[in-house]
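Please look over the protein–DNA model below. The report that follows covers the DNA contacts, then a few protein features.

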2 protein chains.
Amino acid sequence: MDLRRLRYFVAVAEARSVGKAAERLRMAQPPLSVQIRKLEAEVGAPLFRRGTRGMDLTEAGQALLVRASEALALAADGIEAARAVASGRRGRLSVGYMFVLANAILPRLIPELRRSVPGVDLEFAELSASTREARLLDRSVTVALCMPAINHPEIQLARIGAQPFMLAMPIRSPLARLSSVPMAKLQGRPLIALPHPDHGPASSAVVALLRRHQVVMPIASRVETVHSAMSLVLAGEGFAILPACAQLGAPRGIVFRPLRDAADSLDIAVCWRRDSHSPLIRTFLKCAEKVVAAL
Amino acid sequence: MDLRRLRYFVAVAEARSVGKAAERLRMAQPPLSVQIRKLEAEVGAPLFRRGTRGMDLTEAGQALLVRASEALALAADGIEAARAVASGRRGRLSVGYMFVLANAILPRLIPELRRSVPGVDLEFAELSASTREARLLDRSVTVALCMPAINHPEIQLARIGAQPFMLAMPIRSPLARLSSVPMAKLQGRPLIALPHPDHGPASSAVVALLRRHQVVMPIASRVETVHSAMSLVLAGEGFAILPACAQLGAPRGIVFRPLRDAADSLDIAVCWRRDSHSPLIRTFLKCAEKVVAAL
DNA sequence: CCATTGGCATACCGAAAACGTATGGGTTGG
DNA sequence: CCAACCCATACGTTTTCGGTATGCCAATGG
């Protein structure tokens, strides 16, 4: 059962003549005639009635024709679909993002993506710091918006921006009256910290920041997510040092203030598997860069 | 775009390994590997990710896989459908019948046919005497139940039974009191005749019958169909000489009586195009013979 | 009645594609 | 470090396909 034979068969059926079909197929008539007879031999029954003025489908031939046409169309469509996916015109793009970035980036990124790749099924999934590598490696997400960046040999990353650190505190805190907070004022105040550098890189930049300014903040609590950090800040358990973008997702009652003379910032990065060559990744990167640049 | 390649592709995708797929396809591994790469060249993009422990579909490969599987199934189904039609297990059988036979035969023939060929689409169409040849020749009906038989070089026929002639008359007619009517009693009575022998063979047997018994019946009216003949009989315009089976479709007020000492009868025949080799014709013939034998 | 035309089938040959065997090269696991 | 596994490449052989030449049959026309 060769697809070429089916193609020939359909051509002959539509032309109602071997000669005409051969002409349309840009081949000679005899080999076409041979192929048709081979197909008939394979089926075990005549597919055409040979008249003196051309060929006409038998009932068996008609039954084959409808399915053969569909099969041809499907095969062609399959090739085309594969090309479309490979070129990024169609397909699926699963975007992972970390919560801190959600409010700042997604509202502008999603429409931008839908405009850029209208034929692509988009999917969004919030990532936790602990599973983001795994989700990339097992391909359950194609790209990840990370902060801070992932460090893994199989994962490629592109830095697309950075966010300065800010101090998050309850609105009633005395420090909230300052328009910016000098680092020295943090000395001795309780810190709501994100995971320890040994388990995840989330707070290593904060540790470096404090050390550089020779400020010591006792760790009041250590939490997994920015959600939790802000909850504890609101509860008055301490202060958190968070990237500026986090304030868009902050609950009422929490204020953010710039840290004076602290130039430190946290990178926003797009990450993907090194062996994923989907063109959608580059498109995504462009969109993300554009959105982040406009922050 | 060759169907063989698609088959190979599906096998490799399902086995997730060239070697395993080659084994299943009963071929060597290298040529299979070559075919896969040729398919990838045709698509213009890799369809598999080559790992150290086998092959894995890329997104483009997944897009192709679903359509390729369907195309393969359709192609196979097409071949199978053609075989089924050729063998008579499936297909379409369009049965033409003449009105005189409808009431006597169809009620028992249709269920018999549905039992015999459950996969076949049945279609029934009443034929008029003037178009029955044309309907067979242009294949708008596959077989025809005719009375009398068709005479045409392209049409093959099989006689499956016969019906004696009877006299049709209004119930008030004096002749209706006889349980059978001697031919001599018809002398001089008005006849409702079917088409002239020159235009159709319908009444030639009646002409022969009358001539043999040296009975002359003036033709009161000449009508096209048995319907009309019975209407005129009911209206008191005359008598009709019709095959016995016609009485099943006769309206109230008409009675049929046997013609004494008239052994003449009209053949019931199954007719089809000589070049129609559908096995359904033979099946139909068997069913029709069985039903007619039980009349 | 014969010649011509139109259409499919058959025969044969050259070319292309596919298959098998042998082999290379990379990675994994003991 | 060697063995096992798996895919890729190379090359010779075989199968299949397409082209040309030609035959057969029926319908057409003078």
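Which elements of chains A and B each supply at least two residues of the surface near DNA strand D? From chain A they are H1 and H3. From chain B they are helix H2 (18-24), H3 and strand E2 (54-57). Note that this is a predicted model.

**DNA strand D**

In total, 22 residues surround DNA strand D. The closest are A:Tyr8, B:Pro30, B:Ser33, B:Arg37 and B:Arg50. By class, this surface has eight nonpolar, seven polar and seven charged residues. Which parts of the strand do they meet? Of the strand D atoms within 4 Å of the protein, 71% belong to sugar or phosphate. The rest belong to bases.

**DNA strand C**

DNA strand C is surrounded by 23 residues. The closest come from both chains: A:Ser33, A:Arg37, A:Arg50, B:Tyr8 and B:Lys38. Sugar and phosphate make up 78% of the strand C atoms that come within 4 Å of the protein. The residues of this surface divide into eight nonpolar, seven polar and eight charged.

**Phosphate contacts**

The table lists phosphate oxygen contacts for the two strands.

| Protein residue | Protein atom | DNA strand | Distance to phosphate oxygen |
|---|---|---|---|
| A:Val18 | polar backbone atom | C | 2.9 Å |
| A:Gly19 | polar backbone atom | C | 3.0 Å |
| B:Arg5 | side-chain N or O atom | C | 3.1 Å |
| A:Ala28 | backbone N or O atom | D | 2.9 Å |
| A:Lys38 | polar side-chain atom | D | 3.0 Å |
| B:Ser17 | polar side-chain atom | D | 3.5 Å |

Several elements give two or more residues to the surface near strand C. In chain A they are helix H2 (18-24), helix H3 (29-43) and strand E2 (54-57). In chain B they are helix H1 (3-15) and helix H3 (29-43).

**Helix H1 of chain A**

H1 of chain A is one of the elements at the strand D surface. The helix covers residues 3-15, 13 residues in all. From its first C-alpha to its last it reaches 18 Å, close to the 18 Å expected at 1.5 Å a residue.

Is H1(A) largely enclosed or open? Of its 13 residues, 10 are buried, so the helix is largely enclosed by the rest of the structure. The buried set includes A:Leu3, A:Leu6, A:Phe9, A:Val10 and A:Val12. A:Arg5 and A:Tyr8 are also buried.

The helix has a cap at its N-terminal end, supplied by A:Asp2. A side-chain oxygen of A:Asp2 lies 3.1 Å from the backbone nitrogen of A:Arg4. Just after the helix, A:Arg16 takes a positive phi of about 55 degrees.

**Domains of chain A**

The domain assignment splits chain A into domain 1 (3-87), domain 2 (91-160 + 275-293) and domain 3 (161-266). The centres of domain 1 and domain 2 of chain A, taken over C-alpha atoms, are separated by 46 Å.

**B:Arg273**

Where does B:Arg273 sit? Its place is in strand E12 (residues 265-273) of chain B. B:Arg273 has a relative accessible area of 14%. The cut-off for buried is under 20%, so B:Arg273 counts as buried.

What does its side chain reach? The side chain of B:Arg273 comes to 2.4 Å from the backbone oxygen of B:Leu137. It also makes a polar contact with the side chain of B:Asp275, at 2.8 Å. Leaving out residues up to four places away in sequence, B:Arg273 touches B:Leu136, B:Leu137, B:Arg139, B:Thr142 and B:Glu154.

Technical notes. Residues numbered from 1 in each chain as written. Chains lettered and ligands numbered in written order. Predicted model: local features only at pLDDT ≥ 70, side-chain atom pairs only at ≥ 80, totals over all residues. Heavy atoms only, no water. Near = heavy atom within 4 Å. Polar contact = N/O pair within 3.5 Å; in protein donor to acceptor, adjacent residues only side chain to side chain. Helix = DSSP H or I, 4+ residues; strand = E, 2+ residues; numbered from the N terminus. Nonpolar A, V, L, I, M, F, W, Y, C, P; charged D, E, K, R; others polar. Expected span 1.5 Å × (residues − 1). Buried < 20%, exposed > 50% of the residue type's maximum accessible area, 1.4 Å probe, protein only. Domains from an automatic or database assignment. Contact = heavy atoms within 4.5 Å.
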